[in-house]
Amino acid sequence: MINSFEMDFVVPRDLPCFAGHFPAMPLVPGALLLDWAIAEMTSRWGVSSAINVKLCKFLQPVLPGDALHLRVGVADRRADFVWTKASQSVCTGVLILGEVA
């Protein structure tokens, strides 16, 4: 398994969640940042069983259209990740990966 990766991502402006989170000032829900990170790890590494969220911190708001960067490093099934925007951390976390296909 490759033990690290980085990728760029632009938040779509038309996500359905923006209608209710929040109508006057849409923000990306923190759980969605976590979901995107997990989905990318699953896609790249074929994680075939549950992922345990050991730690996740949401540090700054993420808005529609924001350009983000995801950096992930894995050692011994522990995945450390950070989402950044303009070199500032917006979300950091630690995941414990399940079995890898």
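**Figure 1. Leucine 63 in a loop of the predicted model.** In this predicted model, leucine 63 counts as partly exposed, because its relative accessibility is 28%. The residue belongs to the loop that runs between strand 2 (52-58) and strand 3 (67-75). Beyond its neighbours within four places in sequence, leucine 63 is in contact with Val11, Met25, Pro26 and Leu27. One of these partners, valine 11, is 52 residues away from leucine 63 in sequence, yet the two C-alpha atoms are 7.4 Å apart.

**Figure 2. The largest nonpolar core.** This core has 27 residues, and those with the most contacts inside it are Met41, Val72, Phe81 and Trp83. Two or more residues are given to the core by each of strand 1 (4-10), helix 1 (30-45), strand 3, strand 4 (78-85) and strand 5 (88-96). Helix 1 supplies the largest share, eight residues. In soluble globular proteins, nonpolar side chains tend to be buried together. For valine 72, the contacts outside its neighbours within four places in sequence are Asn3, Ser4, Phe5, Met41, Trp45, Ala79, Asp80 and Phe81.

**Figure 3. An aromatic cluster of Phe9, Trp36 and Trp83.** The model contains four aromatic pairs. In one of them, phenylalanine 9 and tryptophan 36 are tilted, with 4.7 Å from centre to centre and 50° between the planes. Because phenylalanine 9 lies in strand 1 and tryptophan 36 in helix 1, this pair ties together parts that are 27 residues apart in sequence. Phenylalanine 9 is partly exposed, with a relative accessible area of 22%, whereas tryptophan 36 counts as buried at 18% relative accessibility. Tryptophan 36 also forms an edge-to-face pair with tryptophan 83, at 6.5 Å centre to centre and 70° between the planes. Tryptophan 83 lies in strand 4 and tryptophan 36 in helix 1, so this second pair ties together parts that are 47 residues apart in sequence. At 1% relative accessibility, tryptophan 83 is buried. Phe9, Trp36 and Trp83 thus make up one aromatic cluster.

**Figure 4. Arginine 44 and the ring of phenylalanine 5.** The charged end of arginine 44 sits over the ring of phenylalanine 5. The distance from this charged end to the ring centre is 4.1 Å. Phenylalanine 5 is also among the contacts of valine 72.

**Figure 5. Glycine 93 in strand 5.** Glycine 93 is found in strand 5, and its relative accessible area of 6% makes it buried. Not counting residues up to four places away in sequence, glycine 93 touches Leu55, Cys56, Ala79, Asp80 and Phe81. The C-alpha atoms of glycine 93 and valine 82 are separated by 6.5 Å, although the two residues are 11 residues apart along the chain.

**Figure 6. Backbone features in two loops.** The peptide bond from histidine 21 to phenylalanine 22 is cis, with omega near 0°. Phenylalanine 22 is found in the loop between strand 1 and helix 1. Another loop, between strand 4 and strand 5, holds alanine 86 and serine 87. Alanine 86 is not a glycine but has a positive phi of about 50°, and serine 87, also not a glycine, has a positive phi of about 65°. Alanine 86 counts as exposed at 68% relative accessibility, and serine 87 counts as exposed at 71%.

Technical notes. Residues are numbered from 1 along each chain as its sequence is written. This is a predicted model: local features need pLDDT of at least 70, side-chain atom pairs count only at pLDDT 80 or more; totals for chains, interfaces and linings use all residues. Side-chain values use heavy atoms; hydrogens and water are left out. Helices (H or I, at least four residues) and strands (E, at least two) are DSSP runs, numbered from the N terminus. Buried means under 20% relative accessible area, exposed over 50%, partly exposed in between (1.4 Å probe, protein chains only). Contact means heavy atoms within 4.5 Å. A nonpolar core is a set of buried Ala, Val, Leu, Ile, Met, Phe, Trp, Tyr and Cys residues joined through side-chain atoms within 4.5 Å. Rings of Phe, Tyr and Trp (its six-membered ring) pair if their centres lie within 6.5 Å; planes under 30 degrees apart count as stacked, over 60 as edge-to-face and the rest as tilted. A charge sits over a ring if NZ of Lys or CZ of Arg is within 6 Å of the ring centre and within 35 degrees of the ring normal.
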